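Here are some short exercises to work through with the sequence and the 3D view side by side. Try each task yourself before reading its solution.

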Amino acid sequence: MTSPNLDDENEEKPLDPAVERVRRKLVRFIVINLGLLFVALMAVVGALVYKTRAPSSAPAVERSEIPAPDGQNIVEGEISLPAGSRIVSQSLSGKRITLDVELQDGSRTIFLYDFSERRVIGQVRVTR
């Protein structure tokens, strides 16, 4: 038989109400943070799966498959640049091309050429 004193020691005594409130807040805090951590982890995993999924079924277009235009659809024109100038960059937008040109004296000029009009429609000198 067990002594009555030993049974009293094994039984848990109820917690003080203030301690119980703190314990419940701590448990709620842990549950909310673990839930948020799980959602964030699933978002990262989803992003990785989305980025590494198989490429789309659309075939890649190679240069050799692009048909050459017939003689009537070729756009031709001429841009006269000063002697000794160097093209630094270019940008194409619709039927216009912009050339950033460094002249022989070190200054820069931007030429705007329109393919439909086949002429330079603007020239902007860039100064410092």
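**Exercise 1: Bridge partners in a hairpin**

Task: Find which residue of β2 is the bridge partner of Ile87, then do likewise for Arg86.

Solution. Step 1: Ile87 has Val101 as its bridge partner in β2. Step 2: for Arg86, the partner in β2 is Glu102. Step 3: these strands run antiparallel, and seven bridges join β1 to β2 (residues 96–102). Step 4: look at the turn of this hairpin, where two residues lie between the strands and Gly94 takes a positive phi near 65 degrees.

**Exercise 2: The whole sheet**

Task: Work out the strand order of the open sheet and name its edge strands.

Solution. Step 1: the four strands follow the order β1-β2-β3-β4, and their pairing is antiparallel. Step 2: β1 (86–93) and β4 (119–126) each pair on one side only, which makes them the edge strands. Step 3: from one strand to the next, the twist averages 20 degrees.

**Exercise 3: A patch and its helix**

Task: Which residues form a nonpolar patch on the surface?

Solution. Step 1: the patch consists of Phe38, Val39, Leu41, Met42, Val45 and Val49. Step 2: together they have about 560 Å² of accessible area. Step 3: Phe38 is found in helix α2.

**Exercise 4: How far to trust the model**

Task: Where is confidence lowest, and where is it highest?

Solution. Step 1: this is a predicted model, with an average pLDDT of 82 and 76% of the residues scoring at least 70. Step 2: helix α1 (residues 4–10) is lowest, at a mean of 61, while helix α2 (residues 17–52) is highest, at 94. Step 3: where pLDDT is low, predicted coordinates should not be read in detail.

Key. Residues numbered from 1 in each chain as written. Predicted model: local features only at pLDDT ≥ 70, side-chain atom pairs only at ≥ 80, totals over all residues. Heavy atoms only, no water. pLDDT = per-residue confidence, 0-100. Pairing = 2+ DSSP bridges. Axes fitted to C-alpha atoms, helices over the stretch in contact; angles between N-to-C directions. Patch = residues over 30% accessible without salt bridge, like charges linked within 9 Å, V, L, I, M, F, W, Y side chains within 5 Å. Areas by Shrake-Rupley, 256 points an atom, 1.4 Å probe, with all protein chains shown as cover. Salt bridge = Lys/Arg side-chain N within 4 Å of Asp/Glu carboxyl O.
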